[in-house]
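Open the model in a viewer and keep the sequence panel visible. The tour below gives selections in order, with a short note on what each one shows.

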Amino acid sequence: MINADKPQQWKSDIAASVDLYNSWFLEFAPITFQETRGLAARLVADALVNADDLLNLTPDTLAAYPEMLPTMRLSTAPPIARDRLIGLARVAPHLVKRLENGSVPKRMSAEQLGEQLQRICDVIARLVDRDIFVWLSDNRSPDEVERLRAATIVADRLCGAQSDPIIRNAQEQRQLALIEAFLSRRGYVRKPHPAFQPITLMEAGTFTFRMNLPVGQVRKVIIPIDVVIQPHSPRPHGMPILIEAKSAGDFTNTNKRRKEEAQKIRQISEAYGPNAELILFLCGYFDSGYLGYEAAEGLDWVWEHRIEDLALLGL
């Protein structure tokens, strides 16, 4: 074991991990958020143009630009969540989900689709925030400054609703970049493993990100693995090293989700045998309760602030 069997080190490692995450967050999170907000503002402005600046939102417009629906939901007072829109408009849940994914249901009749889209348009028109879209009260087109101002406000709402995923994605990208740099210094090459070949035949000295592993004896389930590494000298059983990158900005969330990794390693072990192991790559708020639970489930981990411990895996 690398860290799971050394509880005497956990306290100092927890403190170092929290400090590292906080330093990154304070320096880079605002930049990440601002960049995302800028992109969102441009997308919202485009949506407003496509929607005739909300002067005449029609079912045809929504059908032609279904991806604008999240923007429309957040253009109301108060902003409404997806499920609230479904209830207020009395429309099929799958319709709203498909729209927000950028398409319209193919099996819904044109008459039924038009009727339900009209209900959505009616709800948005009734609740639209006229303090933001100031031109609506005068029934006129906005100037560029007004449109940009309104788009920025809605973009703030959009990013605020997605702030945790935005930060989590940026942190995950950073963790994977650190692992790639570590492996590259040791002569490893990033190379995807062919899906049709057993994982035990993965080429020595290679690694890949986000590999899908099929598990389950009766019902097949796909489990995504963040990092898969086949050492320069593969182990006798051929199983590569599996790593899950984990970061957290508070202690509460990690303890709520600590069973996920335990469930994942159980599924992997059932499918690939006892030689399969899952290593956690941790940065942030992981307390002794979380660590003790994972250690009891047979999981080990490497701290980002001590990334050189990855070498102890035989890399």
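The stops run from the whole chain to the cores, then to single residues, two helices and the aromatic rings.

**Whole chain**

Start with everything shown as a cartoon, and keep in mind that this is a predicted model. The protein chain has eleven helices and six strands. Along the principal axes, its C-alpha atoms fill a box of roughly 75 × 45 × 35 Å. Colour by accessibility next: 45% of the 315 residues count as buried. Of the contacts between residues at least 6 apart in sequence, 65% join residues at least 24 apart.

**The largest nonpolar core**

Select L54, L69, L95, I120 and F133. Within the largest nonpolar core, which has 42 residues, these five touch the most other members. Then colour the helices that each supply at least two residues of this core: helix 1 (10–50), helix 3 (69–73), helix 4 (82–89), helix 5 (93–100), helix 6 (110–127) and helix 7 (144–161). Another core, of 20 residues, lies apart from it; select I179, F207, I229 and A245, which are among its members. As general background, nonpolar side chains tend to be buried together in soluble globular proteins.

Return to L54 and show its surroundings. Which residues does L54 touch, not counting those up to four places away in sequence? They are L48, M72, S75, V128, F133 and L136.

**M68 and E100**

Select M68, in the loop between helix 2 (59–64) and helix 3. Is M68 buried or exposed? Its relative accessible area is 2%, so M68 is buried. Show its contacts beyond four places in sequence: A47, N50, A51, L57, T61 and L62. For a distance check, pick the C-alpha atoms of M68 and G114; they are 17 Å apart in space, and the two residues are 46 apart in sequence.

Move to E100 in helix 5. At 14% relative accessibility this glutamate counts as buried, because the cut-off is under 20%. Leaving aside neighbours within four places in sequence, E100 is in contact with P66, L69, P70, R73 and R82.

**Helix 10**

Select residues 258–272, which form helix 10. Its 15 residues, at 1.5 Å a residue, should span 21 Å, and the end C-alpha atoms are 22 Å apart, which agrees. Show side chains for E261, A262, K264, I265 and I268, the buried residues of this helix. They cover an arc of only 160° around the axis, so they sit on the same side of helix 10. Turn to the face directed away from that buried side and find K259 and E270, both exposed.

What covers the buried residues of helix 10? The cover includes strand 2 (206–215), strand 3 (221–230), strand 4 (241–248), strand 5 (278–284) and helix 11 (288–296). Before leaving, click G273 just after helix 10, where phi is positive, at about 90°.

**Helix 11**

Select helix 11 and show Y290, L291 and E294, which are buried. Look down the axis: the buried residues of helix 11 fall within an arc of 95°, so they line one face. Add their packing partners to the view: helix 1, strand 4, helix 9 (251–256), helix 10, strand 5 and strand 6 (300–303).

**Aromatic rings**

Show the aromatic side chains; the model has nine aromatic pairs. Begin with Y21 and W24, whose ring centres are 5.8 Å apart with the planes at 55°, so the pair is tilted. Both residues lie in helix 1, three residues apart, about one turn of the helix. Y21 is buried at a relative accessible area of 8%, and W24 is buried at 7%.

Next select F286 and Y290. This aromatic pair is also tilted, at 4.9 Å centre to centre and 55° between the planes. F286 and Y290 are both buried.

Go back to Y21 and W24 and add F25, F251 and Y285: ring pairs link these residues into a cluster.

The last selection is F182 with R186. Here the charged end of R186 sits over the ring of F182, 3.7 Å from the ring centre.

Notes
Residues numbered from 1 in each chain as written. Predicted model: local features only at pLDDT ≥ 70, side-chain atom pairs only at ≥ 80, totals over all residues. Heavy atoms only, no water. Helix = DSSP H or I, 4+ residues; strand = E, 2+ residues; numbered from the N terminus. Expected span 1.5 Å × (residues − 1). Buried < 20%, exposed > 50% of the residue type's maximum accessible area, 1.4 Å probe, protein only. Arc of directions from axis to C-beta. Contact = heavy atoms within 4.5 Å. Core = buried A, V, L, I, M, F, W, Y, C linked by side-chain atoms within 4.5 Å. Phe/Tyr/Trp six-rings, centres within 6.5 Å; stacked < 30°, edge-to-face > 60°. Lys NZ or Arg CZ within 6 Å of the ring centre and 35° of its normal.
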